[in-house]
Amino acid sequence: MKLCLYAAAVAAALMTSSAFAGSYTRSDNGIVVKPDSGAAKEIRLELVGDSIIHVLGVDDPTRQQLPSLMAVVKPEGAFTITDGKDTVTLKAAKASAQVSLVDGRMRFFNAKNEPVLVEEQSAITPVTIEGKPYVATRAQFNKGTSEVFYGLGQHQNAQMNLNGEDVELRQHNMDIGIPFVVSDRNYGLLWDNNSVTRFGNPIRFGLASRDLKLKALDGSTGLTAKYYADGKLILTRVEPDIRYQFLSDLPKYWPADPALNVKGGKKVKVVWEGTMSSVEPGVHKMRLYSSDYATLKVDGKTIYDRIWRQGWNAWYHNFEQSFARNKPMKLYVEWEPAGGMISLHHSNPEPAADRHSLRFASEAGTGLNYYFISADSIQGAIAGYHRITGAPPMMPKWAYGFWQSRQRYETQDQLLGVLKTYRDNQWPIDNIVQDWFYWPEDQWGSHTFDPIRFPNPQKLVEEVHKQNAHIMISIWGKFYPNTDNYKELDAKGYMWRRNVELGDRDWVGKGHLNTHYSPYNQEARDIYYRQMKKGLVNYGFDAWWMDNTEPDVRSNTSPEEFDELITPTQMGPGALVHNAYALMNTQAMYDGLKVDQPDKRQFILTRSGFAGVQRNAAALWSGDVVGTWPNLYDQISAGVQTGISGVPNWTHDIGGYAQETRFLGKDVAGLQENRSGGGNGTVEDHREWRELNQRWWQFGAFSPLFRSHGEGVKREINEISPEGSPMRANMVWFLQLRYRLMPYIYSAAADSHYESAPIMRGLALDFPNDAKGKDVKDAYMFGKSILVAPVYRYQATSRSVYFPAGADWYNAYTGEKVQGGNSQTVAAPLDQIPLFVKAGAILPTGPVTQYVDQKPDAPLTLYVYTGANGRYGLYEDDGVSNGYQKGNFTRIAFAYNDKTGELSIGARTGRYDGMVSKRSFRVRFIKPGVSTLKDFDTFDAEVSYSGQPLTVKRK
């Protein structure tokens with residue numbers, strides 16, 4: 001009997017441990033821990049492969065968990081369980097997690113069994129949303145760390161190293177939140193929560209008066225506000241804050257004096273003056289939220305000088321300010337409103353150890369839910385993210401050609417005329433775009449064309465295809481309630497009715513009632529796609545521009561107002577899924593297209609995104625950014641962070657979507673007349689506009705997707721550059737260079753699918769041991785060989801460039817060789833964007849073509865950069881089908897031995913229908929002093945290649 005009891009006890013011990021602390025139980029794919037104390041009553045750990053561990057902490061084990069929208073992976077993998085002193089460890093081949101049985105705190109280890117992520121604290125706090133119980137969650141790791149963090153999506157604040165930064169993940173026209181962060185310690189953390197989430201300080205920024213003591217000029221509490229109209233002082237009063245952040249603020253706070261009606265043609269100016277002080281000494285974080293023109297000064301020092309955004313699309317401008325305890329500093333803010341917004345925000349300083357840690361905090365959910373990803377590189381961590389959320393499929397090859405767009409082509413003939421202009425001038429182009437409002441005015445959401453302006457959509461598509469181009473069309477999740485599509489979705493309960501019930505009207509014509517559909521179940525998405533198929537898909541459009549996918553149901557609403565507009569959903573209150581709309585909306589199109597066009601590669605461009613959006617053949621763009629030099633600068637880090645966040649295909653509106661009025665109107669240099677009117681620009685203003693566009697165009701040529709778009713000034717080459725001008729010649733030259741580089745670009749695109757390699761790469765990815773390069777915000781690698789340093793200052797003809805250590809670099813224009821690990825001021829005349837190629841690189845190039853596959857069998861020139869050994873893999877497939885998923889593609893490996901001077905061309909592996917079996921390779925060895933970008937037809941040797949290994953010797 002005693003023996004039986006002992007055996008039973010041993011058997012039980014194999015399943016459950018409960019000595020002096022909490023207990024754990026083995027599950028099919030991990031363990032379930034019940035600690036004695038801590039935020040979670042139960043912690044569920046599951047293994048995903050050999051390097052990823054999923055963690056779910058719950059305050060109530062009976063609470064039904066919200067299904068993950070971002071994760072598509074299933075738990076699997078071999079593991080062992082090890083008991084420690086008051087701990088239990090789940091260990092796989094390349095990752096392990098140790099849980100305290102006392103308080104539930106976690107420690108995560110890499111393949112070398114080194115602790116890389118250590119939990120400091122976490123919280124699961126009950127919250128009530130729309131009368132139902134949910135939880136807010138937060139966790140802090142690696143307190144006081146000096147490691148470097150990247151990711152979190154696309155943001156507009158020139159942030160590279162995110163350690164010490166505060167980033168709110170709340171989808172916006174220009175701001176894309178992806179709750180995935182990567183460390184230079186080679187791990188990643190994916191935070192599985194769809195609600196508004198903050199990285200860094202969990203306390204949201206507040207209006208300045210929340211934390212600061214504001215004093216007006218007369219000594220009273222607040223700031224002195226002076227309102228001017230046409231230069232005349234109309235009103236002086238004391239206001240508690242600068243607080244025109246939301247549309248609802250204007251009727252509450254704006255003066256009633258008719259003289260200050262900005263729509264009445266008056267030139268209005270507001271000046272706020274006073275002092276600000278704090279009981280908290282140290283470095284404070286502050287943000288000026290503004291549109292139209294704004295200037296900010298602190299103690300006489302100008303922080304921002306006449307910064308500008310279009311009125312309806314304000315955004316934050318971050319800065320840090322040192323405060324001494326209770327010492328007042330003068331504050332001066334000047335604003336020239338033309339219908340825009342402004343507010344001043346503040347966040348108190350934190351202890352350095354807290355500020356420099358990895359922290360996430362979410363407003364709503366059902367549990368503390370995240371994935372730890374162990375890797376041996378930053379790129380390996382991105383691969384882990386793709387394993388969880390889905391890999392980006394191969395985009396069609398033509399997507400990497402040039403895109404011409406405009407807000408908007410008003411007629412069918414107008415679009416076709418633009419395409420004809422490009423073809424007639426032999427300007428390479430692969431894609432043209434039909435933006436919004438092709439439908440009848442009162443039929444948004446009908447997915448039909450205005451028969452007067454677009455009499456034959458089928459012919460439109462066919463004519464574009466006849467000219468060897470592709471066409472993308474804008475589609476929305478927005479509907480007018482008078483459309484049949486709205487009525488069908490509404491009958492199922494899939495329309496958000498609140499905006500219609502409130503009577504809110506949009507800006508089209510007289511204004512129309514409108515709202516968005518809710519895509520949070522399969523039936524809603526199926527209906528949306530079926531309606532789209534009937535109205536648009538069957539015409540044969542090649543790509544889908546899914547605009548307004550935040551979604552911006554009504555611009556400039558407060559968070560509380562917005563939550564009312566996006567609820568209910570099929571998954572519960574809108575607050576639960578606040579950030580996931582673009583993921584679900586793109587899935588609606590992608591899933592439908594895969595069924596109807598199973599062997600065709602898809603392309604979706606979406607203004608917002610979320611974790612997993614890349615699996616829906618989705619590219620992101622940076623929204624309605626503006627044509628200013630600071631906004632051009634912001635795009636560099638925005639694109640790099642998007643790639644590290646797992647979305648390799650990214651683009652931006654070349655020139656900025658919207659422009660200041662000084663860039664509009666009659667072009668005094670005789671270039672064009674802007675038909676939107678209202679401009680007041682000088683000769684110098686228009687000179688600056690053209691230079692900004694030229695510099696932005698150069699940056700666009702070295703972006704993952706090369707796309708020109710905007711409102712106001714037309715963006716076609718012939719519209720923004722005078723005939724015969726150096727600007728036009730330079731634009732065409734860079735356009736042709738993009739096509740010359742297509743073999744290199746397309747191979748980089750393939751690497752993004754097969755290897756999780758971003759196309760636009762932060763320096764840390766390729767030079768992980770170079771500490772100086774880890775926070776470079778204004779340069780990046782384009783592919784793994786080309787260092788790009790855009791020019792983002794007016795009239796600049798040089799700029800400083802940091803050259804990553806661990807390589808030597810060739811100036812692509814002069815051939816000058818530069819040693820890595822230092823900064824140099826390099827020449828940047830107006831017709832050049834600084835470009836450098838890594839020694840040892842092998843760069844495949846082709847001829848100038850009018851579209852990407854015009855000459856598939858043309859000779860390829862291999863540029864070999866001497867001075868170091870190098871390797872490269874050329875990728876080719878048919879560019880349009882999904883055959884690559886079945887292995888229908890080829891690779892050709894190249895290797896250069898600098899000591900022997902030999903380039904080895906390896907045997908071709910793989911095959912696909914239409915493959916070029918024989919072609920010429922021309923080889924050019926680049927030595928110091930030899931320019932890459934001159935004499936494109938010059939080469940040192942030419943060989944005929946039919947798939948067998950070859951060797952080319954440097955002379």
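Six bridges, or 6 in figures, join strand 50 (residues 860-865) to strand 55 (residues 919-926), and the two strands run parallel. Thr861 of strand 50 stands opposite Arg922 in strand 55. This is a predicted model, so read each feature as part of a prediction.

Now widen the view. Strands 50 and 55 belong to an open sheet of 4 strands, in the order 49-50-55-56. The pairing in this sheet is mixed. At its edges are strand 49 (842-845) and strand 56 (941-945), and each of them pairs on one side only. From one strand to the next, the twist averages 25°.

Turn next to another open sheet. This one has 8 strands, and the pairing is parallel. Follow the order across: 39-38-37-36-33-32-31-40. Strand 39 (650-651) and strand 40 (706-708) stand at the edges. Each has a single partner strand, so one side of each is left without a neighbour in the sheet.

Look inside this sheet at one pair. Strand 33 (residues 470-475) and strand 36 (residues 543-546) pair in the parallel sense, over 4 bridges. Here Ile473 stands opposite Trp544 in strand 36. A helix packs on the sheet too: helix 7 (residues 457-466), which touches strand 32 (431-434) and strand 33. The direction of helix 7 makes about 145° with that of strand 33.

Stay with this region and find Val613. Val613 lies in the loop between strand 37 (604-606) and strand 38 (618-621). Is this loop residue buried or exposed? Val613 is buried, because its relative accessible area is 0%, and the cut-off for buried is under 20%. What does Val613 touch, leaving out residues up to four places away in sequence? Its contacts are Ala582, Leu583, Thr586, Thr606, Ala618, Leu620 and Val647. Ile452 is another matter. Val613 and Ile452 are 161 residues apart in sequence, and their C-alpha atoms are 36 Å apart in space.

Helices come next. Helix 13 (residues 629-644) has 16 residues. From its first C-alpha to its last, helix 13 reaches 24 Å, close to the 22 Å expected at 1.5 Å a residue. Helix 13 is mostly covered, with 14 of its 16 residues buried. Just after helix 13 comes Gly646, which takes a positive phi of about 95°.

Further along, two helices meet. The axes of helix 16 (residues 726-740) and helix 17 (residues 742-754) come within 5 Å and cross at roughly 60°. That crossing makes helix 16 oblique to helix 17. Which residues make the contact? Helix 16 brings Arg738, Tyr739 and Arg740, while helix 17 brings Met742, Pro743 and Ile745. These contact residues divide into 4 nonpolar, no polar and 2 charged.

Finally, go back along the chain to strand 22 (residues 268-277). Strand 22 is mostly covered: 7 of its 10 residues are buried. Which strands pair with strand 22 in the antiparallel sense? Strand 18 (residues 213-215) is joined to strand 22 by 3 bridges, and the two run antiparallel. In that pair, Lys213 has Ser277 of strand 22 as its bridge partner. Strand 19 (residues 223-229) also runs antiparallel to strand 22, with 6 bridges between them. Strand 27 (residues 329-336) pairs with strand 22 over 7 bridges, again in the antiparallel sense. Val271 of strand 22 links two of these pairings: Lys226 stands opposite Val271, and Val271 stands opposite Glu334 in strand 27.

Key:
Residues are numbered from 1 along each chain as its sequence is written. This is a predicted model: local features need pLDDT of at least 70, side-chain atom pairs count only at pLDDT 80 or more; totals for chains, interfaces and linings use all residues. Side-chain values use heavy atoms; hydrogens and water are left out. Axes are lines fitted to C-alpha atoms, for helices over the stretch in contact, and angles run from 0 to 180 degrees between N-to-C directions. Angles under 35 degrees count as roughly parallel, over 145 as roughly antiparallel, 65 to 115 as roughly perpendicular and the rest as oblique. Contact means heavy atoms within 4.5 Å. Ala, Val, Leu, Ile, Met, Phe, Trp, Tyr, Cys and Pro count as nonpolar, Asp, Glu, Lys and Arg as charged, and the others, Gly among them, as polar. Two strands pair if DSSP finds at least two bridges between them. The expected span of a helix is 1.5 Å times one less than its number of residues. Buried means under 20% relative accessible area, exposed over 50%, partly exposed in between (1.4 Å probe, protein chains only).
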